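Thanks, everyone. I will take this one from a single loop residue out to the whole chain, and then back in to the end of the chain.

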Amino acid sequence: MTRTARPTGRALQVAGAGAAVLLALSGCSSSDDSSSAASGSSASSSDELSGTVTVFAAASLKESFTALGEEFEKAHPGTKVTFSFGGSDSLAAGITGGAPADVFASASPKTMKIVTDAGDASGTPATFVRNQLEIATLPGNPDTISSLKDLTDPGLKVVLCDKEVPCGAAAQKALDASGLKLTPVSYEQDVKSALTKVELKEADAAVVYKTDVHAAGDKVEGVEFPESADAVNDYPIVQLKNTGNAAAAKAFIALVRSAQGQKVLTGAGFLKP
């Protein structure tokens, strides 16, 4: 019967020390490589991402998010970003009602709270931009509108967003801060609808966001008013709990909050958070 030699205590100590050194080296290597791993994670995830990511976003984000969606698809071949733009309150109601979506970007914390209170958000919403109001008038400002008070002229046809929509709530806040009362010819369900009324010359003016005036180009003229500083809206974004594509949802939110995303958003007139 062959007898196997057992390692001596000294041999065990040496082996143990060697293992400890290897573990230490491994730890150092992991630590030293953490930054490169982090920087390379987007590249590796780029290869892994696929499928559709559905984004519900406030109407005022249409131009900038559409551009970011195109950039996302180029960076992640095999993915598709689809958008549903509209009033934040309507979008929130759709999400809590079971509409399939992966990401929600709202024009106010109040409308985001509808989704978080219903337990439909995954994680904590993060503010990624802010937006300020501006008066949109007909090109050339033929009615010489220069202030929020001018909109109370009964001879003017003025349009506001519905009070339940963030742009409407902000407009009402600005009016209240200045002690003004305004009866519009119509309340619109989202900021794009309000702006369209002016573009089609169905209204003389509308209270919208600076970003929408910017996006409209020469179709309207913008008039700033100081009361808008009292009604700046924070825009939060969050991944939704019932997402069907969590990896792509996280990646899209990361793009929105990145320096690249912020450049697109501030270029559209949004304020930094």
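**Loops, sheet and two helices**

T144 is found in the loop between β5 and β6. Before going further, note that this is a predicted model. T144 has a positive phi, about 45 degrees, although the residue is not a glycine. Is T144 buried or exposed? It is exposed, because its relative accessible area is 60%, and the cut-off for exposed is over 50%.

There is another residue to look at in that loop. N141 also sits between β5, residues 133–137, and β6, residues 158–161. N141 has a positive phi of about 50 degrees, and N141 is not a glycine either. Its accessibility is another matter: N141 has a relative value of 11% and therefore counts as buried, the limit being under 20%.

One more loop residue, then I move on. T183 lies between α6, residues 166–178, and β7, residues 186–188. With a relative accessible area of 75%, T183 is exposed. Its C-alpha atom is 7.6 Å from that of T152, and the two residues are 31 positions apart along the chain.

Now the overall count. The protein chain has ten helices and ten strands. It has 273 residues, of which 43% count as buried. Its exposed area is about 13,800 Å², with 53% of that supplied by carbon and sulfur atoms. Taking contacts with a separation of 6 or more, 78% are between residues 24 or more positions apart.

Next, the sheet. Strands of a sheet pair through backbone hydrogen bonds, either parallel or antiparallel. In what order do the five strands of the open sheet come? The order is β2-β1-β3-β10-β4, and the pairing is mixed. At the edges are β2, residues 79–86, and β4, each of them pairing on one side only. From one strand to the next, the twist averages 20 degrees.

Let me go through some of the pairings. β1, residues 51–58, runs parallel to β2, and eight bridges connect them. One of the positions to find on screen is G51, whose bridge partner in β2 is T79.

On the other side of the order, look at β10. β3, residues 103–105, is antiparallel to β10, with three bridges joining the two. Here F104 stands opposite V238 of β10. β4, residues 121–131, is also antiparallel to β10, and that pairing has seven bridges. T127 has P236 as its bridge partner in β10.

Why is β10 described as largely enclosed by the rest of the structure? Because seven of its eight residues, in the stretch 233–240, are buried.

That brings me to the helix lying on these strands. α9 lies across β1, β2, β3, β4 and β10, and runs at about 155 degrees to β10. The helix covers residues 246–257, twelve in number. From first C-alpha to last, α9 reaches 17 Å, close to the 16 Å expected at 1.5 Å a residue. Its buried residues are A248, A249, A251, F252, I253, L255 and V256.

Last, the packing of α9 on α10. Two packed helices are described by the angle between their axes and the distance between the axes. For α9 and α10, the angle is about 60 degrees and the axes are 4 Å apart. That angle makes α9 oblique to α10. On the α9 side, the contact is made by L255, V256 and R257. On the α10 side, the residues are A259, Q260, G261, Q262 and L265.

I will finish on Q262. Its place is in α10, residues 259–267. Q262 is buried, because its relative accessible area is 14%, and the cut-off is under 20%. Which residues is Q262 in contact with, leaving aside neighbours within four places in sequence? They are F128, V129, V256, R257, K272 and P273. V256 and R257 belong to the α9 side of the helix contact I just listed. V256 is also among the buried residues of α9.

That is where I will stop.

Key: Residues numbered from 1 in each chain as written. Predicted model: local features only at pLDDT ≥ 70, side-chain atom pairs only at ≥ 80, totals over all residues. Heavy atoms only, no water. Buried < 20%, exposed > 50% of the residue type's maximum accessible area, 1.4 Å probe, protein only. Contact = heavy atoms within 4.5 Å. Expected span 1.5 Å × (residues − 1). Pairing = 2+ DSSP bridges. Axes fitted to C-alpha atoms, helices over the stretch in contact; angles between N-to-C directions. Areas by Shrake-Rupley, 256 points an atom, 1.4 Å probe, with all protein chains shown as cover. Parallel < 35°, antiparallel > 145°, perpendicular 65-115°, else oblique.
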